[in-house]
Each structure stands twice: as structure tokens, then as C-alpha cells.
Amino acid sequence: MGLQAPRGTRDILPAERVYWQYLETTARQILDRAAYHEICTPIFEYTPLFERGIGEATDIVSKEMYTFNDRAQRSLTLRPEGTAGVVRAYIEHGLHSQGGVQRLWYLGPMFRYERPQAGRYRQFHQLGVEVLGSADPRADAEVIAVALDILQALGLKELTLMLNSVGDREDRSAYRQALLDYLTPYKADLDPDSQERLDRNPLRILDSKDPRTQAIVKEAPRLLDYLSPRSRNHFEQVQSLLQDLGINYQIHPALVRGLDYYTHTAFEFQDLSLGNEGTVCGGGRYDHLVEELGGPATPAIGWAMGLERLILLLRERPLPPRTAPYLYMVTRGEAAERQGLILAQQLRHQGYTVEVDLSGSAFGKQVKRADRVGATVCLVIGESEATDHTVQVKWLTSGEQVLVSQRELLSENWRSRFFASA
Ligand code: ATP
Ligand code: MG
């Protein structure tokens with residue numbers, strides 16, 4: 001076992017992490033404006049929560065979970081997705097008793113044992129929302145609009161919204177039989193995964209990426225044709241609201257998504273420029289899950305975004321420049337070094353970013369380093385400055401240089417000069 005990160009995991013180094021910070025800030029602002037509130041749940045839960053909350057016949061539960069026994073022989077699982085934990089917390093803390101609609105969001109790592117490839121990892125991150133307590137089609141339209149706002153604010157342009165309705169449980173059981181009747185004669189021609197799904201989870205076959213299976217599925221009966229009038233009405237209302245909001249979508253009758261408890265609206269956002277691993281956000285309504293996990297009947301809808309895929313797209317563009325001034329402290333000689341350390345601390349308390357050069361090398365070398373780290377201003381204290389308690393302020397962009405007293409530097413006057421030059 002070498003000293004390497006485990007297969008399917010990756011380190012996010014500072015140069016990449018700035019993109020994550022930008023993503024989080026952008027998303028947080030949009031969610032805040034839509035009155036969504038952040039929730040954090042544990043990274044591991046008791047295994048049955050996922051078995052019941054995701055469904056035993058799904059890929060996630062049947063082959064992708066990191067499950068282990070703790071020292072007291074309890075079976076725990078690293079969370080493979082966020083919804084089950086949020087719903088558990090909603091029930092456990094009685095959030096439903098607060099009445100009304102709960103709009104929640106979360107961000108954090110998820111774990112799935114999958115074959116790693118570009119945009120697919122074993123530890124990855126999701127940003128997700130869950131809106132609990134409303135069956136209103138406006139909730140469906142709202143979560144879709146909020147997702148689109150985030151994706152667009154991040155600069156994604158080649159976005160397609162795929163929309164479908166998977167109906168209610170009754171619609172699906174009628175459809176399931178029709179699908180089985182259609183697929184069974186083709187059993188031998190289906191890919192091995194789909195053959196296995198035929199008995200356990202035939203709807204998932206619609207999702208298969210195998211070209212031969214896809215060709216067979218193309219002619220299969222459509223779930224949309226099996227919707228009850230009530231389900232159809234919900235679907236039509238969601239579409240009409242999306243049209244009101246000016247949101248384009250494509251109806252995708254084969255979009256079923258994995259979870260057993262999905263009802264009505266199912267959707268995905270894809271970005272064409274990402275190719276195969278192009279789904280950046282997936283979501284849907286799950287009106288039975290809360291009840292299934294022991295809570296009161298509570299209609300709900302949510303989505304999750306895969307952040308690694310968004311970062312891949314973000315990294316192709318330069319970030320907006322930083323807005324706070326970045327000062328770089330260059331000192332030489334013991335007295336100067338002491339003063340530099342104190343002045344840096346005072347400047348930080350005033351809201352500047354200050355990096356102190358600790359190298360003790362020649363002025364020229366220190367100034368070069370300031371340039372490399374992207375500082376806007378160099379503050380230079382040498383022997384004579386230390387004696388006079390002054391500092392040389394040197395703008396790295398223009399080369400302009402001014403001598404000023406250290407006390408003066410902390411004034412409001414200088415604050416506006418620094419912020420203007422940031
Ligand atoms: P796929 O069919 O691609 O496996 P999924 O249906 O398993 O997707 P969801 O459970 O809906 O995906 O998760 C929502 C989003 O999380 C996906 O659209 C994707 O962007 C991201 N995601 C899912 N699995 C991974 C993974 N292993 N690595 C990175 N991102 C992932
Ligand atoms: Mg998957």
C-alpha cells in the first residue's frame with residue numbers, strides 16, 4: 001500500500017480550491033435569496049436508512065455502498081447521497097411540526113463504489129436541495145428554476161433540461177407490466193445488467209447506456225401514456241409554470257432515475273460540453289419517502305448537483321479577480337522583521353489580506369515572490385524605515401512607490417486607496 005490517495009478519491013489543492021469557493025459562494029447567495037436554509041447531516045448513517053430510503057433494487061444499494069461494521073458491530077454506511085439523511089433528520093427533529101414548507105439545502109461529500117473515470121469518483125461532492133411539505137407544482141417549478149439560476153450563474157451555457165413524469169405508484173405498476181410484456185421476448189438481446197434488472201427493477205432498463213438495449217427500449221411503451229388523469233394534470237401544470245418562467249425543457253420519456261420512491265416530476269440538467277458524464281444535476285419528486293421512513297405523509301421534491309463536473313467546466317475559465325487588497329510584507333533586519341509582523345497583524349484586523357515573507361532573503365527576491373503570489377501591493381520595511389517607523393508602499397501593477405508612516409498606513413485614507421487598487 002503506497003502513500004497515495006485511495007482509488008477514486010482526489011485531493012483538492014489550493015489552486016483548484018478557489019474554484020470550489022467561488023462555486024459555494026455563488027450557490028449560497030442564490031439559495032439564500034430563494035429562502036432555502038442549510039442543513040448538515042452526518043457523513044455516515046445506519047445502513048438500513050439507505051436500504052429503505054434508496055431502495056434495495058437500485059444500483060446504489062446493490063453495488064455502490066461503502067458499508068462496514070463499527071466496533072460494536074453496528075452496520076454503518078458512508079452516505080451515497082443526501083436525501084435519505086435529510087429526510088431522517090426531518091423526521092427525527094420533528095421539522096414537520098413547525099408546519100408549512102421546509103426548504104433545505106446541503107453540500108458535502110458522498111461515497112459510491114463506482115469505476116472511477118473523468119467526472120466519476122468514489123468520493124465526490126453534491127450540492128442538493130429538498131423542499132418538504134408541498135405537493136404544489138409550483139414547488140417543482142421553483143426547485144428547477146433555482147437549479148438553473150445556479151448553473152447559469154456559474155457560466156454554464158450548453159444546458160439542456162430533460163423533463164419527465166414517472167407518475168404515481170399505481171401508474172407505474174400498470175406500466176411495469178406493459179414494459180415487462182414488451183421486453184421479455186428481447187431478454188437475450190439486452191445487456192447483462194438490464195437482463196438482471198428485468199425481474200428486479202425493469203424501469204431502470206430505460207436508463208441503460210448500452211446501444212443495443214437503447215434500440216430495443218426506443219420502441220417500448222411509454223410511461224407517459226400510463227399516467228392517471230391526476231398525474232397528467234400535475235405534469236401539465238409543471239410544464240406550464242416552466243413556460244411562464246421562460247425555462248426551456250425537453251420531454252424525455254425514458255428518464256426514470258434510480259430511486260424507488262420517486263413520483264411525478266423527474267428531471268436532469270445536462271451540459272453538452274461534458275460528453276458522456278454530462279449530467280450535472282438530477283432531481284425529482286418523492287411524495288412517499290418521508291412516510292416510508294416512518295414520518296407523516298409529506299410530499300417533497302429535491303435535486304442534487306455533482307460538483308466535480310461543475311468544477312471541470314469552471315476551471316476552463318478565469319475566475320473573477322479578487323476584490324480585497326492583498327498586501328505582501330517585505331522586511332530585512334531584526335527590527336524591521338518585528339515591526340513587519342506587528343503591522344501585518346494590525347492590517348489584517350482592518351480587513352486586508354497580508355502575507356509576511358519569512359525567507360530573510362534579499363529585497364529583490366522577496367518582491368519577485370510578491371508578484372508571483374498575485375499580491376497587489378508590497379510593503380517594504382528596511383533598516384532606515386524601521387528606525388523611522390515608516391514603510392515603503394509599492395504598487396506592483398504600476399510600480400508607483402510612496403514612503404509613509406506605519407501609523408498613517410492604518411488610516412481610513414489609506415484604506416480607500418488600497419481598496420481602489422485591489
Ligand atoms: P449516473 O447515471 O451518472 O450514475 P446518478 O443517477 O447515479 O448518475 P444521482 O444519484 O442523481 O446520479 O446524483 C446526482 C448527480 O451527482 C449526478 O448527476 C452527477 O452529476 C453526480 N454524481 C453521481 N455519481 C457521481 C460520482 N460517482 N462521481 C461524481 N459525480 C457523481
Ligand atoms: Mg450512478
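Student: Where is Y36 placed in this predicted model?

Tutor: The model is predicted. Y36 belongs to no helix or strand run; its place is in the loop between helix 1 (14–33) and strand 1.

Student: Is Y36 buried or exposed?

Tutor: The cut-off for buried is under 20% relative accessible area. Y36 has 2% relative accessibility, so Y36 counts as buried.

Student: Which residues does Y36 touch, leaving out those up to four places away in sequence?

Tutor: A contact here needs heavy atoms within 4.5 Å. On that basis Y36 touches L31, R103, L104, W105, V129, V131, E142, V143 and V146.

Student: What is the phi of A35, and how accessible is A35?

Tutor: Most residues other than glycine have a negative phi. A35 is not a glycine, yet its phi is positive, at about 65°. A35 is found in the loop between helix 1 and strand 1. Its relative accessibility lies between the 20% and 50% cut-offs, so A35 counts as partly exposed, at 41%.

Student: What is the strand order of the open sheet of 8 strands?

Tutor: The pairing in this open sheet is mixed. Its 8 strands follow the order 1-5-6-11-10-9-7-8.

Student: Which strands stand at the edges of that sheet?

Tutor: An edge strand here has a single partner strand, so one side of it is left without a neighbour in the sheet. The strands in that position are strand 1 (37–38) and strand 8 (250–251).

Student: In the pairing of strand 7 with strand 9, what is the bridge partner of N164?

Tutor: Strand 7 covers residues 159–165 and strand 9 covers residues 263–271. The two pair in the antiparallel sense over 7 bridges. In strand 9, the partner of N164 is A266.

Student: Which residues have the most contacts inside the largest nonpolar core?

Tutor: This core has 47 residues. Helix 4 (residues 83–92) gives the most to it, with 6 residues. A second, separate core has 44 residues, including A147, L151, L163 and F235. In the largest core, the residues with the most contacts are V87, L132, L179, L183 and Y286.

Student: Which residues does L183 touch, not counting those up to four places away in sequence?

Tutor: L183 is one of the residues with the most contacts inside the largest core. Beyond its sequence neighbours, L183 touches L190, L198, I205 and I216.

Student: How far from E64 is the nearest side chain of opposite charge?

Tutor: E64 has its place in helix 3 (residues 59–64) and is buried. The nearest side chain of opposite charge is that of R112, which is also among the residues that E64 touches. A salt bridge needs a nitrogen within 4 Å of a carboxyl oxygen. E64 has no salt bridge, and R112 is at 4.5 Å.

Student: Which residues of helix 11 are buried?

Tutor: Helix 11 spans residues 307–314. It is mostly covered, with 7 of its 8 residues buried. These are L307, E308, R309, L310, I311, L313 and L314.

Student: Which residues does I311 contact, leaving aside neighbours within four places in sequence?

Tutor: I311 has a relative accessible area of 3%, so it is buried. I311 and L23 are 288 residues apart in sequence but 8.0 Å apart in space, C-alpha to C-alpha. L23 is one of the contacts of I311, which are E16, Y19, W20 and L23.

Student: What is the phi of H389?

Tutor: H389 is found in the loop between helix 14 (383–388) and strand 15. H389 is partly exposed, with a relative accessible area of 44%. It is a residue other than glycine with a positive phi, near 55°.

Student: In the hairpin of strand 15 and strand 16, which residue takes a positive phi near 85°?

Tutor: Strand 15 (residues 390–395) and strand 16 (residues 401–405) run antiparallel and are joined by 5 bridges. V393 has V402 as its bridge partner in strand 16. The hairpin has 5 residues between the strands, and the residue with the positive phi is G399.

Student: What separates the centres of domain 1 and domain 2?

Tutor: The domain assignment gives domain 1 as 14–168 + 228–314 and domain 2 as 326–420. Taken over C-alpha atoms, their centres are separated by 47 Å.

Technical notes: Residues numbered from 1 in each chain as written. Chains lettered and ligands numbered in written order. Predicted model: local features only at pLDDT ≥ 70, side-chain atom pairs only at ≥ 80, totals over all residues. Heavy atoms only, no water. Domains from an automatic or database assignment. Core = buried A, V, L, I, M, F, W, Y, C linked by side-chain atoms within 4.5 Å. Buried < 20%, exposed > 50% of the residue type's maximum accessible area, 1.4 Å probe, protein only. Helix = DSSP H or I, 4+ residues; strand = E, 2+ residues; numbered from the N terminus. Lys, Arg positive; Asp, Glu negative; His and termini not counted. Pairing = 2+ DSSP bridges.
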